[in-house]
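I opened this notebook to keep a record of what I looked up, entry by entry. The sequence and the structure come before my notes.

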Amino acid sequence: YSPFDKNFLTIEFFFFLCAQLRMDTVIFGDHPGIPQLCMDAIAAAQIDDIPFSLTIVSEKADELEERFFSACPGIADAPQGLSVHRPSFIKLRPESPAFQKYLVVRPKERRESEEERIAALLQSASYIVVYTAEEKRNLTLAMYLREWYLKTDPSFSRLPFIAAYCERAD
């Protein structure tokens, strides 16, 4: 499953994102195409060697992580001293109360707890992809995330780009 076979994202869009100073990407979902999307995002970020982070939030994080690292053994077992972009996988259902808890945590300067680390990743995102197998869920989750960003930051200073996977062009 490659998202580039459908009306979704193009590698050119990732190049556009790389023109930014940072590319902090969070992918929400459980679509089987997520490992390929991760590989494409990492490839785009390495071209310009920009600061980059990639986090996948999914109920199926364990399965997606296994598939990604099976496809990318050089990232899974990178030689010592070699800098590679390694995605983080967080097993969490985005619609769950536990997820909502992460959205309101105010991380301190030093990220001491796992909760603060996850909250910082979610709150610093500059680009979000919603990529599940259900089009309606993608759109609903994208709207929920946009609403959350608007509610939690009245200054609107951190409004990441949110892309939702839609299989049909209409």
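What volume does the largest cavity have? I noted about 40 Å³ for the largest cavity, taking a cavity as a set of points on a 1 Å grid over the protein atoms alone where a 1.4 Å probe fits but cannot get out, with grid points joined across faces, edges and corners and the volume being the space filled by probe spheres set on the points.

Before going on, I wrote down that this is a predicted model, in which local features need pLDDT of at least 70 and side-chain atom pairs count only at pLDDT 80 or more, while totals for chains, interfaces and linings use all residues. Residues are numbered from 1 along each chain as its sequence is written, and side-chain values use heavy atoms, with hydrogens and water left out.

**Cavities.** My search of the whole structure gave 2 cavities of 30 Å³ or more. For the largest cavity I listed Gly 29, Asp 30, Val 57, Ser 58, Glu 59, Pro 94 and Arg 137 as the lining, where a lining residue has an atom within 4 Å of a point.

**Strand 1.** I next looked up strand 1 (residues 23–28), strands being DSSP runs of E of at least two residues and helices runs of H or I of at least four, numbered from the N terminus. Here 6 of the 6 residues are buried, so strand 1 is largely enclosed by the rest of the structure; buried means under 20% relative accessible area, exposed over 50%, and partly exposed in between (1.4 Å probe, protein chains only). Met 23, Thr 25 and Ile 27 cover one side, and Asp 24, Val 26 and Phe 28 the other. Strand 1 pairs in the parallel sense with strand 2 (residues 52–58) over 6 bridges, and with strand 4 (residues 127–130), also parallel, over 4 bridges; I counted strands as paired if DSSP finds at least two bridges between them. Thr 25 stands opposite Leu 54 in strand 2, whereas Val 26 has Ile 128 in strand 4 as its bridge partner.

**Helix 3.** In this helix I found Ala 61, Leu 64, Phe 68 and Phe 69 buried. Seen down the axis, the buried residues fall within an arc of 120° (directions from the helix axis to the C-beta atoms), so they line one face of helix 3. On the other side, Glu 66 and Ser 70 are exposed.

**Asp 62.** Asp 62 lies in helix 3 (residues 61–71) and is partly exposed, at a relative accessible area of 44%.

Methods:
1 Å grid on protein atoms, 1.4 Å probe; cavity = no way out; pocket = protein on both sides within 12 Å on 5 of 7 lines; lining within 4 Å.
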